[in-house]
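Let's take a walk through a protein model, strand by strand. Have the sequence and the 3D view ready, and look things up as you read.

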Amino acid sequence: MTKLIHRANSRGVADHGWLKSQHTFSFANYHNPQRMGFGTLRVINDDIVAPAGGFGTHGHDNMEIISVPLSGGLRHKDSMGNTHVIKHGEIQIMSAGTGLTHSEYNDSSTEPVNFLQIWVLPKQRDIPPRYGQQTYDVAKQQDTFQLMIAPEHEHAPLWINQDAYFSLGNFAAGKSGEYHRHRDQNGMYVFVIEGEIEMDGETLGKRDAIGLSQIASITLRAAQASQLLVMEVPMG
């Protein structure tokens with residue numbers, strides 16, 4: 001088994017006034033050769049956008065982009081004709097493929113929006129761009145993991161152009177849970193959105209993360225009420 005611990009306070013920090021961001025892996029002006037990703041998981045940005053602020057129209061290609069709102073509303077518009085506001089309780093994926101442009105703005109003029117933006121390297125390059133958005137039932141995540149994203153033709157609300165699986169779980173204080181790997185060659189990256197957990201002899205708090213590979217399953221215990229995101233990705 002291989003284990004990596006990434007503490008919340010070790011992340012790269014960017015403050016652009018309208019945007020405050022913390023980068024788990026190297027991104028933009030934050031470069032750390034020891035933090036270039038975890039397998040095909042390339043970016044985890046914890047973004048807080050000020051009221052009425054946002055990212056103007058910009059382009060992407062050949063990247064799988066997942067957005068997970070944590071609070072507030074994020075207004076999305078793209079070159080495929082999609083215009084939506086995504087909020088906590090929803091998850092969004094874009095396969096950038098051959099290329100697309102989009103913008104993201106805080107939908108509120110009074111409250112900030114906080115969301116995770118995650119990039120995964122694609123399995124196939126130059127596919128047609130694609131958009132997906134899904135509301136999920138938080139109750140189905142109580143003391144277990146709910147699969148939200150999986151490869152095409154598998155049973156998940158959204159699909160990704162990669163042999164990757166994204167699951168969300170909420171665990172009450174004192175409850176334990178298990179996560180079983182879907183594919184033998186995948187690693188598991190557990191990101192603590194809220195709370196505190198104990199896993200593999202480690203205590204992990206809010207926005208801490210642990211990456212585990214060469215292991216088939218993980219067991220955790222919630223030291224306090226916790227929300228977790230498990231990103232299972234190919235390591236090659």
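What follows is a short tour of two sheets and a few residues in this predicted model.

## The seven-stranded sheet

Start with an open sheet of seven strands, which pair in the antiparallel sense. If you read across the sheet, the strand order is 2-3-4-11-6-9-12. At the edges you'll find strand 2 (12-15) and strand 12 (130-135), and each of these pairs on one side only. On average, neighbouring strands here are turned by 15° against each other, if you ignore direction.

## Strand 6 and its two partners

Now zoom in on strand 6, which covers residues 64-71. Seven of its eight residues are buried, so you can call strand 6 mostly covered, given that buried means under 20% relative accessible area. It has antiparallel partners to look at: strand 11 (residues 113-120), joined to strand 6 by seven bridges, and strand 9 (residues 90-95), paired with strand 6 over four bridges.

S67 is a handy spot for seeing both pairings. Opposite S67 in strand 11 stands Q117, while in strand 9 the bridge partner of S67 is Q92. You can also try I65, which stands opposite W119 in strand 11.

## I118, tucked away in strand 11

Is I118 buried or exposed? I118 has a relative accessible area of 0%, so it counts as buried. This residue sits in strand 11. Leaving aside neighbours within four places in sequence, I118 is in contact with L41, V43, I44, E64, I65, I66, V68, F166, L229 and M231.

For a sense of distance, pick V85, which is 33 residues from I118 along the chain. The C-alpha atoms of these two residues are separated by 18 Å.

## D47, a buried charge

Strand 4 (residues 41-49) is the place to look for D47. This residue is buried, yet D47 has no salt bridge. Where is the nearest side chain of opposite charge? That side chain belongs to R11, and it is 8.8 Å away from D47.

What does the side chain of D47 make a polar contact with? The partner is the side chain of S21, at 2.5 Å. Not counting residues up to four places away in sequence, D47 touches L19, K20, S21, F55, V113, N114, F115 and Q117. You've already met Q117, the residue opposite S67.

## The four-stranded sheet

Next comes an open sheet of four strands, in the order 5-10-7-8, again with antiparallel pairing. Strand 5 (54-60) and strand 8 (83-87) are at its edges; each has a single partner strand, so one side of each has no neighbour in the sheet. Here, neighbouring strands are turned by 20° against each other on average, direction ignored.

Inside this sheet, five bridges link strand 7 (residues 73-78) with strand 10 (residues 100-106), and the two strands run antiparallel. To find one position in that pairing, look for L74, which stands opposite N106 in strand 10.

## G211 in strand 19

The last stop is G211, in strand 19 (residues 209-213). Its relative accessibility is 1%, so G211 counts as buried. Which residues does G211 touch? Not counting residues up to four places away in sequence, they are T2, K3, L4, F38, M188 and Y189.

Finally, try spotting G53 in the 3D view. G211 and G53 are 158 residues apart along the chain, and their C-alpha atoms are separated by 33 Å.

Terms used:
Residues numbered from 1 in each chain as written. Predicted model: local features only at pLDDT ≥ 70, side-chain atom pairs only at ≥ 80, totals over all residues. Heavy atoms only, no water. Pairing = 2+ DSSP bridges. Axes fitted to C-alpha atoms, helices over the stretch in contact; angles between N-to-C directions. Buried < 20%, exposed > 50% of the residue type's maximum accessible area, 1.4 Å probe, protein only. Lys, Arg positive; Asp, Glu negative; His and termini not counted. Salt bridge = Lys/Arg side-chain N within 4 Å of Asp/Glu carboxyl O. Polar contact = N/O pair within 3.5 Å; in protein donor to acceptor, adjacent residues only side chain to side chain. Contact = heavy atoms within 4.5 Å.
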